[in-house]
Amino acid sequence: MPVRRLRWGLVGLGSLARNGIVPAAARSAHAVIQAGATRDPEKGREFGQRHGIPRIHARYEDLVTDPEVDAVFVMTPNDRHREVVLAAAAAGKPVLCEKPLAMTEADAQAMIAACERAGVMLRLGLHLRFERFLDQVAAVIRSGAIGTPRALSIERTAPLAERAPWREDAARGGGILYDVGLHLLDLVPRLLGTDYAEVGGLAYPPPGGGQGADTISLLLRMQDGAQVALRASREAPHSGSDLTVLGTAGMLRTGPLRWVEEFTLTVTNAEGERVERHPASDLYRDELDGFALDLADGGRRLGTGEDGLRLVRLATRVEQAIREHRLVPLP
Ligand SMILES: NC(=O)c1ccc[n+]([C@@H]2O[C@H](COP(=O)([O-])OP(=O)(O)OC[C@H]3O[C@@H](n4cnc5c(N)ncnc54)[C@H](OP(=O)(O)O)[C@@H]3O)[C@@H](O)[C@H]2O)c1
């Protein structure tokens with residue numbers, strides 16, 4: 001199967017472009033960054049020179065119609081994804097949109113419909129789907145080594161280095177729910193093999209003041225009764241992330257899940273304690289390569305528009321649960 005080396009156009013030359021995607025493309029067999037769009041000409045010149053990006057556009061409308069751009073990567077603030085995805089669809093370009101796909105179900109549906117009508121592939125930036133270690137965690141749970149999972153918890157702290165104004169603004173999807181929260185919500189069903197039934201939660205700052213939450217604690221019940229606790233914070237100064245699963249026959253624990261080159265997984269059951277070590281995956285590189293492969297064979301290595309819509313619906317109900325101080329059923 002021939003897999004193209006895609007010439008990417010990046011819309012939004014911010015933190016993710018600079019620290020994540022541009023360096024990852026240099027390690028990718030199937031990606032080259034050909035163009036970028038920024039509203040700031042000086043920044044565009046500097047960014048293009050520093051990273052060897054030949055084409056810089058002042059408007060995303062010009063980037064999506066650039067004949068030297070094969071695929072569009074949307075990494076604008078969370079409330080500005082829709083317009084770029086619609087423009088890419090109109091230009092007939094396959095598009096990778098950062099999560100969240102949109103801030104409302106209606107917008108997400110409009111984006112999916114536009115891509116379907118135009119016959120362009122729409123994929124979602126959920127880079128944790130490329131962490132093979134998490135597949136291994138899921139496989140251990142599935143193997144029955146810890147019995148039936150009854151409770152799972154993830155704690156994830158990552159201080160935010162760059163606080164762009166939109167990240168403080170709840171209305172623009174600036175809280176931590178739409179940041180790492182969505183990655184964790186996408187991950188749990190993959191680990192437990194069952195979907196959500198209901199959610200309750202707390203946020204700080206609490207909703208109502210207009211400020212995006214820095215810390216959230218969510219309590220979820222899965223359809224099989226398993227209990228899930230997710231806690232994420234971007235205001236604690238030290239990074240950390242780990243995962244624990246309690247089962248009827250044992251326990252699974254990981255060491256830090258980010259910012260390490262090697263992961264550890266410890267399984268404790270009647271046979272004693274077993275420790276596995278696994279290398280960390282190259283998430284953004286594999287995401288770029290996965291997009292090229294999806295384009296070649298129609299696979300779903302990346303999240304799809306439907307996954308994006310599902311997460312928008314989920315996030316909307318999580319916000320409702322936090323706002324109304326109650327458990328909210330999840331469809
Ligand atoms: N999957 C992941 O690991 C991951 C990690 C980080 C972020 N993300 C996602 O990636 C997206 C971008 O995040 P980021 O951290 O890169 O954000 P950022 O640093 O604020 O960069 C966003 C860029 O979007 C451009 N932009 C276009 N329209 C804008 C507007 N109306 N207001 C403000 N900026 C506008 C700005 O570029 P110009 O000023 O140059 O036009 C800005 O540099 C978000 O959707 C975020 O959720 C994903």
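A residue counts as buried here when its relative accessible area is under 20%, as exposed when that figure is over 50%, and as partly exposed in between. Keep that scale in mind as we walk through this predicted model.

Let's start with R123, which has a relative accessible area of 8% and is therefore buried. Its side chain meets that of D294 in a salt bridge, with 3.0 Å from N to O. R123 belongs to strand 6 (residues 122–125) and D294 to helix 8 (residues 283–297), so to speak two distant parts of the chain, 171 residues apart, that the pair links. D294 is buried too, because its relative accessibility is just 1%.

That pair is part of a bigger tally: searching the whole structure turns up 33 salt bridges. Another of them joins the side chains of R4 and D70, at 3.3 Å from N to O. R4 sits in the segment before strand 1 (6–11), while D70 sits in the loop between helix 3 (60–64) and strand 4 (71–74), so this pair ties together parts that are 66 residues apart in sequence. How do the two ends fare on our scale, buried or exposed or partly exposed? R4 comes out partly exposed, because its relative accessible area is 49%. D70, on the other hand, has a relative accessibility of 12% and so counts as buried.

A similar split shows up in R274 and E276, whose side chains form a salt bridge at 2.7 Å, N to O. Here R274 is partly exposed at 39% relative accessibility, whereas E276 is buried at 14%. And salt bridges don't have to come as lone pairs: R27, R132, D282, R285 and D286 are linked in a network of them.

Now for the ligand. Which residues are the closest to it? They are T38, K43, N78, R167 and Y284, out of 24 residues that surround the ligand. By type, the shell around the ligand is made up of seven nonpolar residues, 10 polar ones and seven charged ones. Where does the ligand lie relative to the domains? Domain 1 (6–127) and domain 2 (132–280 + 313–329) both contribute residues to the shell, so the ligand lies between them.

Zooming in on single atoms, we find an oxygen of the ligand 2.9 Å from a polar backbone atom of L16. A ligand oxygen is also 2.9 Å from an N or O atom in the side chain of R39. With R167, the distance from a ligand oxygen to a side-chain N or O atom is 2.7 Å. As for how covered the ligand is, it exposes 890 Å² when taken alone, and the protein buries 84% of that.

Two more residues round off the tour. H81 is part of helix 4 (residues 81–90), and at 1% relative accessibility it counts as buried. The H81 side chain reaches the backbone oxygen of E98 at a distance of 3.2 Å.

Then there's L252, which you'll find in strand 12 (residues 250–254). With a relative accessible area of 0%, L252 is buried. If you'd like to get a feel for the scale of things, look from L252 to G119: they are 133 residues apart in sequence, and their C-alpha atoms are 43 Å apart in space.

Definitions and conventions:
Residues numbered from 1 in each chain as written. Predicted model: local features only at pLDDT ≥ 70, side-chain atom pairs only at ≥ 80, totals over all residues. Heavy atoms only, no water. Salt bridge = Lys/Arg side-chain N within 4 Å of Asp/Glu carboxyl O. Helix = DSSP H or I, 4+ residues; strand = E, 2+ residues; numbered from the N terminus. Buried < 20%, exposed > 50% of the residue type's maximum accessible area, 1.4 Å probe, protein only. Near = heavy atom within 4 Å. Polar contact = N/O pair within 3.5 Å; in protein donor to acceptor, adjacent residues only side chain to side chain. Areas by Shrake-Rupley, 256 points an atom, 1.4 Å probe, with all protein chains shown as cover. Nonpolar A, V, L, I, M, F, W, Y, C, P; charged D, E, K, R; others polar. Domains from an automatic or database assignment.
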